[in-house]
Amino acid sequence: MDLTEFNEIRPYNDEELPQIFEELIADPAFQKAATGAIPNVPFELLAQKMRTCKTKLDFQKAFCYGILWKIAEEHTNGLTLDHNALPNKKKAYTYISNHRDIILDSGFLSILLVDQGMDTVEIAIGDNLLIYPWIKKLVRVNKSFIVQRALTMRMSRYMHYTIAEKNQSIWIAQREGRAKDSNDRTQDSVLKMLAMGGEGDLIDRLKEMNIAPLAISYEYDPCDFLKAREFQLKRDIEGYKKTTQDDLINMQTGLFGYKGKVHFQVASCINDELEQIDRSLPKPELFAAISACIDQRIYRNYRMYPGNYVAYDWLNGTTEFTGIYSQEEKQQFVGYIEQQLGKIEIPNKDEAFLREKLLLMYANPLINHLAACR
């Protein structure tokens with residue numbers, strides 16, 4: 001295999017790090033970002049510490065691990081992982097998850113895995129997020145590989161190589177971008193990309209990837225009001241599209257907004273179910289069946305919070321779940337929704353529409369969870 005074909009998309013090799021560190025250290029934009037992320041520490045000391053890192057994992061443990069746990073301590077009410085469905089901690093898996101936060105979904109997963117004595121994951125990241133040269137370098141130091149839509153075959157081969165040859169686990173979102181209404185669905189296009197590389201038929205190729213669905217449950221989504229705002233702008237303005245500035249605001253809000261409890265629940269690998277699928281089905285039906293399998297395992301493994309039940313009852317005008325949440329929990333969630341609604345600044349603000357969108361974000365995981373558990 002000619003590994004040079006992966007050069008523009010893969011994470012840096014460890015022997016490339018000294019040169020990349022020097023390029024980052026010399027970049028004024030990186031200097032500013034680094035001192036902002038780690039205040040009260042002179043940049044010279046950060047640069048010195050970077051130069052001592054011999055591997056990508058060294059860098060993650062020296063910098064990313066501490067920063068991410070600090071975010072968890074300051075902006076969540078607890079961060080947990082249940083990995084018991086995959087007892088073999090030495091095996092490489094492709095974690096396919098629902099997508100709540102641009103940075104933290106994969107970041108939190110990696111620090112939680114480290115605390116369980118496991119390796120961090122390589123991260124699939126869209127090239128649309130790499131808006132500055134220093135960001136592209138930094139994410140590749142942080143074990144990310146670049147998702148370029150023009151290079152799907154190459155990326156698929158890279159992912160198969162990473163699982164089979166490097167024995168390195170991968171994280172990838174189940175869809176391009178986040179589900180704005182939390183109605184999580186695995187896109188067939190993600191599975192089609194995974195099935196391009198490897199050997200054998202479609203099922204064999206997907207089995208090579210050791211796909212493990214991962215359910216990520218945030219009690220509160222700090223970007224919920226931004227998503228609701230976007231729903232109204234798309235409704236009211238033909239051809240509305242977010243700007244680069246909007247993306248930066250989303251990233252910042254996601255990182256430093258309050259998330260309540262955050263839980264990662266790993267489901268068992270889908271290889272057993274792939275074995276049962278009729279391989280003679282037309283490809284569209286095969287992909288639909290595999291997507292449904294991943295979705296069901298994610299839905300069943302969501303962690304539900306009082307707000308999910310309150311949102312369902314409020315949205316539907318029912319009292320179906322009043323036995324599950326207290327009056328105090330209801331008032332707390334109602335107050336939270338009204339507070340988020342108050343953050344939305346928009347011409348012709350449609351409060352009823354925006355409130356419904358906010359409630360849907362919290363009700364949809366419960367609706368899907370109930371349907372999957374029947």
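Here is a walk through this predicted model, starting at the sheet and ending with a helix pair.

Start with the sheet, since it gives us landmarks for much of the rest. Seven strands make up an open sheet with mixed pairing, and reading across you meet them in the order β1-β7-β6-β2-β5-β3-β4. The two edge positions go to β1 (79–82) and β4 (144–147); each has a single partner strand, so one side of each has no neighbour in the sheet. From one strand to the next, the twist averages 25 degrees.

Now go to the β1 end and work inwards. β1 pairs with β7 in the parallel sense, over four bridges, and if you want a register mark, Leu79 has Val262 of β7 as its bridge partner. On the next step the sense flips: β6 and β7 pair antiparallel, over five bridges. Here Leu214 is the residue that stands opposite Val266 in β7.

β7 itself deserves a pause. This strand covers residues 262–266, and five of its five residues are buried. How does that split between the two faces? In a regular strand, side chains alternate between the two faces of the sheet. In β7, Val262, Phe264 and Val266 sit on one side while His263 and Gln265 sit on the other, and all of them are buried, so both faces of the strand are covered.

Further along the sheet, β2 (residues 94–97) and β5 (residues 170–173) run parallel and are joined by four bridges. Ile96 has Ile172 as its bridge partner in β5. Helix α13 (residues 283–300) packs on the sheet, where it touches β2 and β6 (211–218), and its direction makes about 40 degrees with that of β6.

Two loop residues around these strands are worth a look for their backbone angles. Ser182 is not a glycine, yet its phi is positive, at about 60 degrees. You'll find Ser182 in the loop between β5 and α8 (188–194), and with a relative accessible area of 4% it is buried. Asn210 is another non-glycine with a positive phi, about 50 degrees this time. Asn210 belongs to the loop between α9 (202–208) and β6, and at 11% relative accessibility it falls under the 20% cut-off and so counts as buried.

Let's move on to the helices. In α14 (residues 306–316), the run of Gly307, Asn308, Tyr309, Val310, Ala311, Tyr312 and Asp313 is buried. α15 and α16 are among the elements that cover the buried residues of α14. After α14 comes Gly317, with a positive phi near 65 degrees.

That brings us to α15 and α16 themselves. The axes of α15 (residues 327–342) and α16 (residues 351–373) come within 10 Å and cross at roughly 130 degrees, and the two helices are therefore oblique to each other. The crossing of α15 and α16 is right-handed. On the α15 side, the contact uses Phe333, Tyr336, Ile337, Glu338, Gln340 and Leu341, and α16 contributes Glu351, Leu354, Arg355, Leu358, Leu359 and Tyr362. Sorted by class, that makes eight nonpolar, one polar and three charged residues.

One last stop is the loop between α15 and α16, where Asn348 lies. Is Asn348 buried or exposed? Its relative accessibility is 68%, which is over the 50% cut-off, so Asn348 counts as exposed. For a sense of where that is, the C-alpha of Asn348 is 32 Å from that of Ser217, and the two residues are 131 apart along the chain.

How values were computed: Residues numbered from 1 in each chain as written. Predicted model: local features only at pLDDT ≥ 70, side-chain atom pairs only at ≥ 80, totals over all residues. Heavy atoms only, no water. Axes fitted to C-alpha atoms, helices over the stretch in contact; angles between N-to-C directions. Parallel < 35°, antiparallel > 145°, perpendicular 65-115°, else oblique. Left-handed = near helix turned anticlockwise from the far one by under 90°. Contact = heavy atoms within 4.5 Å. Nonpolar A, V, L, I, M, F, W, Y, C, P; charged D, E, K, R; others polar. Buried < 20%, exposed > 50% of the residue type's maximum accessible area, 1.4 Å probe, protein only. Pairing = 2+ DSSP bridges.
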